[in-house]
Amino acid sequence: MTHSLLSPLHVLFDAQSDQLGKSSILEWNSITSVLMGGALIIATMIIVLMAWVVIRYRARRGDDSDAPQIHGNNKLELGWTIAPGILLLFIFLFATYNQFASATSPGAGLPKKGTPDIIVIGHQFWWEFRYPKLGIVTANEFHIPANKNILVQLESDDVIHDLWMPQLGEKMDNVPGKTNYTYLNAPKPGRYEGACAEYCGAEHAWMRPLAVAQSQSDFNKWVHQQQTAARNPQSKLAQQGRKLFLSNTCVNCHAIAGTSAKGRVGPDLTHVGSREQIAAGVLNTNQQNLYKFLLNPQAVKPGILMPNFHLTDQQAYALAAYLESLK
Amino acid sequence: MSDVSIVPEHTASLPSYNKFNGLLEWVSTVDHKQIGLLYLFGTFFFFCVGGIEALLMRIQLAQPQNHFLSPQDYNQLFTMHGTTMVFLVVMPMLLGVANYVVPLQIGARDMAYPRLNALSFWMFTFGGLLLYASFIGGGAPDAGWFAYVPLSGQPYTSNPGMTYWAIGILVSGIGTVATALNLVVTILLFRAPGMSLRRLPLFTWMVLFNGFIIMFAMPALNASLVTLAIDRILGGHYYDVKAGASPLLWQHYFWSFGHPEVYIMVLPAWGIISEVVPVFSRKPIFGYGAVAGSTVAIAFLSFAVWGHHMFSAGMGTASDLLFSAASLLIAVPTGIKIFNWVATAWMGKIRFTTSMLFALAFIVQFTIGGVTGVQFGVVPFDRYTTDSYYVVAHFHYVLFGGTAFGLFAGFYYWFPKAFGRMLDERLGKLNFWLMFIGFNTAFFVQHALGWMGMTRRIWTYPDYPGWGVYNMISTVGSFILAFGVLMFAVNVFYSLKKGEIASENPWNAWTLEWATTSPPPHYNFDQVPPVRSRRPLWDLQHPDKADKD
Amino acid sequence: MNQNKLGMLIFLASESVFFTMLILAYAYYHSHWGGGPTDSVVDIKEVLPYTIALWSSSLTIWFSERALKHGKYGQMRGWLGLTILLGAFFLFGEAREYLALFSENVNIQAGIFGTTFFTLTGFHGLHVTVGLLALSLMLVLASTGWLKKEQAEGYETLSYYWHFVDLVWVGVFSVVYIWSLF
């Protein structure tokens with residue numbers, strides 16, 4: 001089953017994070033339901049009241065007289081001071097209870113459990129995902145086992161970013177020089193799209209992470225595939241591309257496990273062909289799109305830090321074939 | 001009394017700006033009324049510029065994967081839009097109204113320091129022009145209006161824009177501090193005999209506390225700007241992560257100004273509503289003490305809530321909860337005001353003038369912005385919705401649906417006083433309805449977009465289901481809104497020439513500014529009427545049932 | 001209350017927020033100076049005489065103010081002159097300290113310490129300079145006989161500013177120099 005980021009009001013009715021309403025707005029053990037319901041009721045109440053007052057007490061045509069001069073009413077005013085106060089106290093206690101009761105709201109500090117499952121490093125304008133326990137490095141697309149709390153450590157290599165997976169959990173900033181933590185939890189297998197939520201520069205818009213939640217066995221297969229170094233390509237064109245890649249400046253920024261390419265400035269490309277999208281969400285991965293991207297990255301994703309290398313048609317084509325083969 | 005007031009020659013007191021001498025007199029003026037109007041002209045100009053920036057962004061966002069603007073252009077536009085609206089429109093526009101109205105409301109001849117007042121205005125103007133000079137000085141700022149480091153630092157910006165930003169805002173910020181100082185001293189020392197602090201008109205009361213907030217919040221901004229400028233120009237390391245600095249320092253710095261700033265941008269608008277609603281309901285304000293007292297509470301609390309901008313920055317649970325509690329608490333005094341305004345209209349005899357319509361729309365829209373504001377005080381909720389279009393919708397409901405509508409209520413209310421002619425009511429109604437419909441069309445759907453996962457400050461977005469449609473609705477709304485604002489400009493031009501001549505007190509209002517000619521003479525009052533209550537003109541009109549307080 | 005005094009007091013309250021922010025930044029980074037120099041480069045013994053000079057100038061300006069109120073113009077000029085000398089002596093000390101630090105390559109670009117230290121002391125020094133200019137103007141006005149008993153309130157307003165500058169130095173001295181001992 002595929003999830004697009006959202007169909008209209010999807011999150012409102014189907015938020016999946018612990019704090020945000022487990023499955024339905026009707027489920028009252030959810031701070032979101034209380035807040036949204038409460039806000040809706042209170043705003044509607046005030047607006048309807050006001051509408052009634054202004055219609056009921058409108059001046060009739062030709063009536064120039066003044067209204068009865070009422071200066072106030074202490075009891076009433078005390079009432080609308082105390083009542084909202086109690087309501088807000090209730091909201092505060094409820095939210096605090098939620099925050100502490102929830103196992104998945106670590107906020108700033110590392111929970112006692114220890115090593116994170118994934119270290120997410122924000123870069124201008126792509127995501128690096130490192131699995132310290134599994135020895136996997138990937139970019140922009142990451143896989144997780146479904147229905148499991150994933151402890152995520154958030155870092156940044158340059159400016160502040162913010163990993164936001166709307167259906168999987170709260171957002172937490174990736175702050176350079178500081179580590180934050182959060183949990184992600186995908187309720188069922190599927191695709192979950194996300195975004196960078198903290199403005200980070202020119203291509204803040206195209207910094208879209210993709211989470212793929214899988215059953216444990218599928219996830220294990222993915223882990224195994226990711227742990228394998230890149231194979232040498234079969235086709236002649238792709239072999240040509242490999243040679244081009246390794247003999248040019250590509251290797252200064254990109255890494256491909258099993259080759260001499262060890263750069264860490266740009267995304268790890270070891271399994272780039274297996275990822276669904278390139279350029280952090282701009283295009284789907286296929287040879288044609290890779291070719292288009294390599295020919296002029298700035299045209300595909302204006303503001304991307306990868307320069308235009310002015311490759312010839314033939315070079316771009318060969319490189320695209322090679323990258324596409326990296327499954 | 002209003003029914004026998006003499007209709008003045010409407011050009012009697014202000015020099016004409018059509019003549020060179022007149023223009024020179026405007027430039028060199030130290031009269032609070034002229035400076036107030038200069039503020040309003042200047043800020044309205046910037047309002048149009050900021051509005052055009054917004055429209056360009058809305059065109060870009062009307063469709064998914066649109067290429068009307070480049071990301072670089074878009075980022076400069078939203079930075080300039082936010083900066084312009086906050087620093088060059090809302091705040092100085094409110095100060096402009098205060099400049100014009102406050103001395104009149106308290107029966108003063110002028111501000112305490114008229115020359116300082118002129119200096120403030122020109123600092124605001126030059127600060128604003130310096131900011132806009134960045135467009136020809138290598139590129140506009142592009143790190144957002146709250147300029148988070150390290151993105152706003154030298155290594156991550158491609159142009160000198162952020163340096164213009166820091167210095168421009170600093171210059172206009174010093175001007176703002178001077179104006180606030182001026183207003184506070186004026187209100188504390190220059191009131192008419194009999195006008196004790198407890199008898200201050202509510203607008204003046206709110207301006208007084210607004211002045212205090214500015215005096216204590218703006219220096220925090222100025223210090224932040226100084227540190228940013230030192231980093232950018234002198235190669236300092238306040239925010240250099242590699243040297244061991246912390247980006248959170250800037251966030252604390254900026255928001256300890258930035259959240260009081262939100263109240264700076266709304267307090268005087270509350271004051272306007274507290275003047276307009278009673279006058280057009282033909283009743284005194286319901287619970288003067290509660291409205292005035294809650295303002296004081298807000299002035300203090302506003303300095304304790306800035307951390308709710310940082311719930312997802314990783315401050316730690318203790319700070320999170322503290323700021324959450326304070327942020328929820330501040331909703332209580334805010335709620336009091338809304339209830340008191342509604343209660344003021346209750347049992348009234350409501351006149352649906354354009355000014356009143358804007359005030360009523362203010363109450364509706366501010367309530368919506370207020371309840372979403374409460375939601376942001378709750379940590380887990382905030383971590384979900386922050387930096388999404390839900391926030392964008394929220395603060396536009398507060399700042400546009402709230403403050404800007406309040407300002408328009410004020411414009412329609414005080415225009416006759418300032419220019420001696422009424423603004424046309426038919427054009428006014430058209431102006432109001434276009435703005436009301438346009439505003440809500442443009443911004444209500446943004447709540448939904450936020451829920452659907454649309455983050456703010458993105459120059460384009462993938463074609464997710466519903467996003468394109470909602471964004472298109474928002475864009476259409478923004479153009480209706482712009483058309484509404486255009487109607488206001490048309491109304492002003494039309495009414496300045498052809499508007500009905502205004503009497504001294506066309507609305508039959510009760511505060512002192514209505515006890516002098518429209519427009520007032522340079523020296524404001526021939527004679528200030530005696531002040532024995534909060535409504536001196538009511539007492540004059542109804543000596544038999546004068547107010548007690 | 002006198003309009004100018006009230007205005008000055010509110011202005012100074014506002015200024016104190018500005019300095020509090022700069023002091024907080026310094027304190028926030030204290031002991032986390034990163035790679036650059038640390039506060040061990042400052043020497044409390046060096047600045048102590050200048051500090052005492054600045055603080056005693058608060059006393060001398062108060063004497064001059066009293067003299068003015070009583071119409072003893074000669075005395076007033078004497079105390080005012082001494083105040084200016086003390087203030088100038090402080091600035092001279094600050095300049096000496098700066099030059100010594102520069103020679104050790106400690107400047108505003110030298111790590112977090114350099115940036116926060118020079119910003120904080122620099123802005124204080126700037127305020128002292130402004131105060132000295134204003135006081136010198138007063139001395140000129142007093143010598144030409146313009147500054148009379150009747151202007152005592154205005155002169156007092158200026159003295160508030162001078163006391164404030166001294167007060168800020170209490171904060172700066174504590175957080176920079178005394179803290180450097182620990």
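Which side chains meet in a salt bridge at 2.9 Å, N to O? They are those of Asp66(A) and Arg282(B). The model in which this pair appears is a predicted one.

**A salt bridge between two chains**

Side chains of opposite charge can pair when their charged atoms come close. Asp66(A) sits in the loop between α2 (31-56) and α3 (74-101) of chain A, and Arg282(B) sits in the loop between α8 (267-281) and α9 (288-301) of chain B, so the pair joins two chains. The partners are not equally accessible: Asp66(A) is partly exposed, with a relative accessible area of 23%, whereas Arg282(B) has 3% relative accessibility and counts as buried, because buried means under 20%.

**Other salt bridges**

Over all chains, the count of salt bridges comes to 23. Three of them are set out below, with the distance from N to O.

| Acidic partner | Basic partner | N to O distance |
|---|---|---|
| Asp66(A) | Arg282(B) | 2.9 Å |
| Glu324(A) | Lys327(A) | 3.5 Å |
| Glu46(C) | Arg96(C) | 3.2 Å |

In the chain A pair, Glu324(A) is partly exposed at 23% relative accessible area, and Lys327(A) is partly exposed at 46%.

In chain C, Glu46(C) forms its salt bridge with Arg96(C). This pair links distant parts of the chain: Glu46(C) belongs to helix α2 (residues 44-69) and Arg96(C) to helix α3 (residues 73-103), and the two are 50 residues apart. Glu46(C) is partly exposed, with a relative accessible area of 42%. For Arg96(C) the value is 42%, which is also partly exposed. Chain C also holds a network in which salt bridges that share partners join Lys5(C), Glu65(C), Lys69(C), Glu153(C) and Glu156(C).

**How the chains touch**

Two pairs of chains touch, and the most contacts are between chains A and B. Chain A and chain C do not touch, and their nearest C-alpha atoms are 12 Å apart.

One residue of chain A with contacts to chain B is Val53(A), found in helix α2 of chain A. Leaving aside residues up to four places away in sequence, Val53(A) touches Val342(B), Ala345(B), Trp346(B) and Ile350(B). Val53(A) counts as buried, at 2% relative accessibility. Within its own chain, Val53(A) and Glu77(A) are 24 residues apart, and their C-alpha atoms are separated by 17 Å.

**The interface of chains B and C**

How many residues of chain B are in contact with chain C? There are 32, and they meet 29 residues of chain C. The two chains bury about 2400 Å² between them, with 72% of this area on carbon and sulfur atoms. Leu189(B), His237(B) and Tyr238(B) supply 21% of the area that chain B buries against chain C, more than any other three residues.

Across this interface there are zero salt bridges, but 11 residue pairs are in polar contact. On the side of chain B that touches chain C, α5 (161-189), α6 (202-234) and α7 (247-264) of chain B each supply at least two residues. Helix α6(B) gives the most, with 11 residues. By class, this side of chain B has 23 nonpolar, eight polar and one charged residues.

Note on methods
Residues are numbered from 1 along each chain as its sequence is written. Chains are lettered from A and ligands numbered from 1 in the order in which they are written. This is a predicted model: local features need pLDDT of at least 70, side-chain atom pairs count only at pLDDT 80 or more; totals for chains, interfaces and linings use all residues. Side-chain values use heavy atoms; hydrogens and water are left out. Contact means heavy atoms within 4.5 Å. Buried area is the accessible area (1.4 Å probe) that two parts lose on being put together, summed over both. A salt bridge is a side-chain nitrogen of Lys or Arg within 4 Å of a carboxyl oxygen of Asp or Glu. A polar contact is a pair of N or O atoms within 3.5 Å; within protein, one must be able to donate a hydrogen and the other to accept it, and residues adjacent in sequence count only if both atoms are side-chain atoms. Helices (H or I, at least four residues) and strands (E, at least two) are DSSP runs, numbered from the N terminus. Ala, Val, Leu, Ile, Met, Phe, Trp, Tyr, Cys and Pro count as nonpolar, Asp, Glu, Lys and Arg as charged, and the others, Gly among them, as polar. Buried means under 20% relative accessible area, exposed over 50%, partly exposed in between (1.4 Å probe, protein chains only).
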